[in-house]
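Please take a moment with the sequence and the model below before reading on. The paragraphs that follow move from the whole chain to a few chosen side chains.

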Amino acid sequence: MKKCFTLISAVAMFIILTGCHVKEEAEQFQIMDSSDEELPNHLNEIIEFSDVIVKGSFTEFVKPTNMIRSANDPTVESDELYTEGQIYTFQIEKTYKGDVEGFH
């Protein structure tokens, strides 16, 4: 009788322990980068591919703006998503390459 009780207790404990162990499956996300932009490997490549290189500093805050743009027209802010960016004036101190006459 004692062996039977021990066996039943062991089986019951096994069922309780296995029943309480619930394996949660983690949600998985996959990020894919399909950009075809060629990134420079050296400073010389950055200089070569740049149209304008200047030295300067940001000065006066102009306004906040939505940095997320419309997929159809990148000049238009998105109506669906919003990430705030800030626009500042930029004071050019020295021009190393290119023409900056139209940038004011």
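**From the whole chain to its aromatic side chains**

The protein exposes about 10400 Å², of which carbon and sulfur atoms supply 57%. The model is a predicted one, and buried residues make up 6% of the 104 residues in the protein. There are two helices and two strands, and from the N terminus on the elements run α-α-β-β. Among contacts between residues at least 6 apart in sequence, 59% join residues at least 24 apart.

Part of the surface deserves a closer look. F58, F61, Y88 and F90 make a nonpolar surface patch of about 430 Å², and the elements that give two or more residues to this patch are β1 (53–66) and β2 (84–97). The four residues of the patch, F58, F61, Y88 and F90, are also linked into a cluster by ring pairs.

How are such ring pairs to be read? A pair of aromatic rings is described by the distance of the centres and the angle of the planes. A search of the whole structure finds three aromatic pairs. In one of them, the rings of F58 and Y88 have their centres 6.4 Å apart and their planes at 65 degrees, and the pair is edge-to-face because planes over 60 degrees apart count as such. This pair links distant parts of the chain, since F58 lies in strand β1 and Y88 in strand β2, 30 residues apart. F58 counts as exposed, because its relative accessibility is 62% and the cut-off for exposed is over 50%, whereas Y88, at 36% relative accessibility, counts as partly exposed.

Y88 also pairs with F61: the centres of these two rings are 5.3 Å apart and their planes stand at 70 degrees, so this pair too is edge-to-face. Here again distant parts of the chain are linked, with F61 in strand β1 and Y88 in strand β2, 27 residues apart. F61 has a relative accessibility of 39% and therefore counts as partly exposed.

Is T65, which lies in strand β1, buried or exposed? T65 is buried, because its relative accessible area is 10% and buried means under 20%; F58, which also lies in strand β1, is exposed, with a relative accessible area of 62%. Leaving aside its neighbours within four places in sequence, T65 is in contact with E77, Y82, T83, E84, G85 and I87. With one of these residues, E77, the side chain of T65 is joined through a side-chain polar contact of 2.9 Å.

Key. Residues numbered from 1 in each chain as written. Predicted model: local features only at pLDDT ≥ 70, side-chain atom pairs only at ≥ 80, totals over all residues. Heavy atoms only, no water. Patch = residues over 30% accessible without salt bridge, like charges linked within 9 Å, V, L, I, M, F, W, Y side chains within 5 Å. Areas by Shrake-Rupley, 256 points an atom, 1.4 Å probe, with all protein chains shown as cover. Salt bridge = Lys/Arg side-chain N within 4 Å of Asp/Glu carboxyl O. Helix = DSSP H or I, 4+ residues; strand = E, 2+ residues; numbered from the N terminus. Buried < 20%, exposed > 50% of the residue type's maximum accessible area, 1.4 Å probe, protein only. Polar contact = N/O pair within 3.5 Å; in protein donor to acceptor, adjacent residues only side chain to side chain. Contact = heavy atoms within 4.5 Å. Phe/Tyr/Trp six-rings, centres within 6.5 Å; stacked < 30°, edge-to-face > 60°.
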